[in-house]
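Visitor: I'd like a close look at one part here, the sheet. Could you walk me through how the strands are put together, and then what lies beyond them?

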Amino acid sequence: MQQFPEHLLSGYRNFMSGRYNDERDRYRTLAEAGQNPHTLVVACCDSRAAPETIFDCGPGELFVVRNVANMVPPYEPDGQYHATSAAIEFAVQALKIPNIVIMGHGRCGGIKAALDPDMEPLSPGDFIGKWMGLVRPAADQIQSNDLMTASERQTALERVSIRNSISNLRTFPYVRALEEQGKVLLHGAWFDISTGELWIMDAKTGDFGRPSDRSAAPLEDSEPAA
Ligand SMILES: [Zn+2]
């Protein structure tokens, strides 16, 4: 029989003796009462950008959907397979989650692919090419900007794509209605893998900035406590 990866098994053993043991009651309560997460996070599949790790959240707190380049497609009730839209539907309509965060990140491979017009499909299906078509118009505009460096273009599209996903969220009729009623808030965030900085989108202007709260700064930047 094929062997299950040993590092996953040893990680599971650590989880059972550590976190599960410490939070046994919480897991039991969540099993009996059901989940009541406070935030839906749309994050990238990238192994370096796990929302539960970055936001230091325990079981039951985040409802997470991950896809290539953390995107939300427009509302398309066309009978096709829409994994991300299904997760949004369940999060908003069934779980009544009041916060939705689109969380992008630096050095995103999906965004990089969108900015590379010469990139060959990875397989005949070209699922990534089709999926990244969601930001094609923005990618084309940014790609043609000679004043920016490659990394500036990359960061720009990572952030434009977050705003694009928030616009697409508003094409879901129930998201739009609940947002208008103040029952759902839409947020954007961008995580810099190399520095650990989290940039938050200003809901009014769409600009990204670091939270002013010093305690949110990465450890090496924070000043010693007085
Ligand atoms: Zn990514």
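Guide: Let's start with one pair of residues: Ala43 has Arg66 in β2 as its bridge partner. Keep in mind that this is a predicted model. Zooming out a little, β1 (residues 39-44) runs parallel to β2, and six bridges link the two strands. Now for the whole sheet: it is open, has six strands and mixed pairing, and reads β2-β1-β3-β4-β5-β6 across. The edges belong to β2 and β6 (208-209); each has a single partner strand, so one side of each has no neighbour in the sheet.

Follow the chain on from β2 (62-67) and you get into the loop that leads to α4 (83-94), which is where Asn70 sits. Asn70 isn't a glycine, yet its phi is positive, at about 40 degrees. It also counts as buried, because it has 30 C-beta neighbours inside 10 Å, and 20 or more is the cut-off for that.

Asp126 makes a nice companion: it is another non-glycine residue with a positive phi, near 45 degrees. You'll find Asp126 in the loop between α5 (109-114) and α6 (127-132). Asp126 is partly exposed, though, with 14 other C-beta atoms within 10 Å.

One last stop away from the sheet is helix α1 (residues 6-22). None of its 17 residues is buried, so α1 lies largely in the open. There's a kink of about 40 degrees in α1, centred on Phe15. As for length, at 1.5 Å a residue α1 should span 24 Å, and its end C-alpha atoms are 23 Å apart, which agrees.

How values were computed
Residues are numbered from 1 along each chain as its sequence is written. This is a predicted model: local features need pLDDT of at least 70, side-chain atom pairs count only at pLDDT 80 or more; totals for chains, interfaces and linings use all residues. Helices (H or I, at least four residues) and strands (E, at least two) are DSSP runs, numbered from the N terminus. The expected span of a helix is 1.5 Å times one less than its number of residues. The bend at a residue is the angle between axes fitted to the seven residues ending there and the seven starting there. A residue is buried if 20 or more other C-beta atoms lie within 10 Å of its own, exposed if 12 or fewer, and partly exposed in between; C-beta atoms are placed from the backbone. Two strands pair if DSSP finds at least two bridges between them.
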